[in-house]
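This report goes through one structure for a reader who has not met it before. The sequence and the structure come first, and the description follows.

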Amino acid sequence: MDLMSLTAVELGKKIKEKEVSVEEAVRAALKAIEEKEDAVNSFVTVDEEGALARARQVQEKIDAGELTGPLAGVPVAIKDNMCTEGLLTTCSSKILYNFLPTYSAEAVKKLEGAGAVIIGKTNMDEFAMGSTTETSAYGTTKNPWNTAHVPGGSSGGSCAAVAAEEVPFALGSDTGGSIRQPSSFCGVTGIKPTYGTVSRYGLIAYGSSLDQIGPIAKDVTDCATILETIASYDTKDSTSVKREDYHFTDALKDDVKGLKIGIPRDYFGDGLDAEVKDAVLGVAEKLKEKGAAVEEFNLGLVKYAIPAYYVIACAEASSNLARFDGVKYGYRAAEYEGLHNMYKKSRSEGFGAEVKRRIMLGSFVLSSGYYDAYYLKALRAKALIKKAFDDAFAKYDVILAPAAPTTAPKIGESLSNPIQMYLGDIYTISANLAGLPGISFPCGTDSKGLPIGAQLLGNCFEEKTIIRAAYSFEQTREYKHSPMAGKGDR
């Protein structure tokens with residue numbers, strides 16, 4: 001049996017029932033990584049020694065009855081922008097090439113507390129800036145469905161690792177669609193929770209008012225289980241929200257009778273690939289057959305989402321990335337004259353082109369004379385977009401949309417046209433601007449055999465509604481493994 005072809009919950013069950021040891025599960029993940037990494041490049045760091053030592057500790061706790069949760073003993077990969085104590089954390093950037101954190105991110109600690117075993121850190125767009133995982137200092141990650149194509153980004157390494165069945169699940173972060181878009185491109189499932197649901201403590205910030213950590217896995221059951229594990233109120237994160245209900249697995253019910261689904265006309269116009277459109281509308285049909293009510297409506301303000309997002313995200317990035325200056329940690333230029341020259345040379349040599357572009361854009365919109373014209377205007381647009389969603393959720397329980405306008409583009413196509421790459425975020429960034437939860441899940445493949453993802457958006461704190469709707473749809477189709485997935489006994 002190929003252990004990596006199981007879902008995280010299935011593997012956890014086998015470990016609990018003593019059919020499989022934790023060490024066997026970890027060794028299966030390490031073997032899959034060894035066999036597939038040359039083709040996929042989804043990992044920046046693999047911690048073989050640490051994972052095997054941790055496997056033995058976790059096994060002892062399971063045997064003693066101390067660890068009984070569904071993820072105990074299950075291997076996991078962590079996106080390389082979440083701090084892991086004593087394990088290299090680089091944000092896939094040269095400027096943090098040697099950074100060993102002295103503490104772990106809260107979400108990582110929650111997983112460790114549940115008995116999950118960290119296998120390594122996954123590749124990503126540098127500092128999460130990009131939609132293709134091509135801006136990484138450690139080379140491009142490839143899509144396991146077709147290695148000539150990108151896996152999406154910025155959580156491309158995490159999504160590719162799950163799709164290639166190197167690990168059963170992974171953590172990603174979503175600033176403007178960075179979990180949902182690569183999940184769509186790689187044929188896996190990913191959830192961006194409501195802003196403030198998962199602690200950002202230990203997540204190296206890109207856009208602080210937009211960033212949110214979430215799970216990436218094969219199916220909705222896994223994602224709900226992982227989210228239940230990592231979501232919590234955390235006093236170390238000033239934006240953390242205290243919620244009354246974290247029992248997301250309660251929503252795993254095949255029942256959408258009476259559910260009102262809104263389909264924004266604005267999302268199904270020009271620029272949307274015909275095959276993607278048909279597949280996403282096919283989701284609406286399936287849910288309709290199961291008793292949901294489906295209706296088209298005008299969301300409005302969609303055309304302002306991308307400019308507002310890039311102004312706000314870049315402004316926050318230019319501020320957040322000021323700390324990487326060659327003084328305290330990370331890369332320092334070998335030759336320099338004086339302090340200011342050291343700053344300049346360290347940052348010039350340490351940051352990649354896309355990160356520099358966004359820092360410059362952010363510094364410009366925050367500068368004297370332009371702050372009101374751009375940044376304040378973007379914040380007003382953000383408030384109007386939130387209101388448009390509030391009005392929509394007064395009528396509908398969930399909003400159905402594509403996760404991306406096309407399937408995964410070929411490697412090299414997007415980087416040559418940054419504006420085109422930015423426009424690829426059109427269906428995902430509004431959820432970040434409004435702080436809404438969203439789930440991306442596979443709903444078909446195109447004529448090239450590449451996965452198509454649909455997206456369900458819910459009102460704030462309504463994760464359960466989108467989980468239930470996605471789970472109901474999932475019951476209508478088989479999970480398709482990527483061609484690179486393990487060929488073990490299924």
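Helix α7, residues 220-230, lies across four strands, namely β4 (169-174), β5, β6 and β10 (438-445). Its direction makes an angle of about 145° with β6. The model described here is a predicted one.

**The sheet**

Two of the strands under α7, β5 and β6, pair with each other in the antiparallel sense. Strand β5 covers residues 189-192, strand β6 covers residues 212-217, and two bridges join them. Gly-190 has Ile-216 in β6 as its bridge partner.

These strands belong to an open sheet of eleven strands with mixed pairing, in the order β1-β3-β2-β4-β6-β5-β10-β11-β9-β7-β8. The edges are formed by β1 (43-46) and β8 (293-297). Each of these two has a single partner strand, so one of its sides has no neighbour in the sheet. On average, neighbouring strands of the sheet are turned by 30° against each other, with direction ignored.

**The two largest pockets**

The table sets out the volume of each pocket.

| Pocket | Volume |
|---|---|
| Largest | about 510 Å³ |
| Second largest | about 400 Å³ |

The largest pocket has 21 lining residues, and those nearest its centre are Gly-271, Pro-405, Gln-420, Leu-423 and Gly-424. Helices α6 (180-186), α9 (302-320) and α13 (418-423) each give at least two residues to this lining. The largest share, three residues, is that of α13. Sorted by class, the lining of the largest pocket holds nine nonpolar, eight polar and four charged residues.

The second largest pocket, of about 400 Å³, is lined by 20 residues, with Thr-7, Asp-219, Glu-474, Glu-478 and Tyr-479 closest to its centre. Two or more lining residues come from each of α1 (8-16), α7, β10 and α15 (463-474). Helix α7 and strand β10 thus appear again here, after the packing of α7 across β10 described above. The lining of the second largest pocket divides into seven nonpolar, six polar and seven charged residues.

**A residue in a loop**

Thr-428 is found in the loop between α13 and α14 (429-434). Is Thr-428 buried or exposed? Its relative accessibility is 0%, and buried means under 20%, so Thr-428 counts as buried. Apart from neighbours within four places in sequence, the residues in contact with Thr-428 are Gly-176, Gly-177, Arg-180, Ala-403 and Gln-455.

Definitions and conventions. Residues are numbered from 1 along each chain as its sequence is written. This is a predicted model: local features need pLDDT of at least 70, side-chain atom pairs count only at pLDDT 80 or more; totals for chains, interfaces and linings use all residues. Side-chain values use heavy atoms; hydrogens and water are left out. Two strands pair if DSSP finds at least two bridges between them. Axes are lines fitted to C-alpha atoms, for helices over the stretch in contact, and angles run from 0 to 180 degrees between N-to-C directions. Contact means heavy atoms within 4.5 Å. On a 1 Å grid over the protein atoms alone, a cavity is a set of points where a 1.4 Å probe fits but cannot get out, and a pocket is an open set with protein on both sides within 12 Å along at least five of seven lines; lining residues have an atom within 4 Å of a point. Grid points are joined across faces, edges and corners, and a volume is the space filled by probe spheres set on the points. Ala, Val, Leu, Ile, Met, Phe, Trp, Tyr, Cys and Pro count as nonpolar, Asp, Glu, Lys and Arg as charged, and the others, Gly among them, as polar. Buried means under 20% relative accessible area, exposed over 50%, partly exposed in between (1.4 Å probe, protein chains only).
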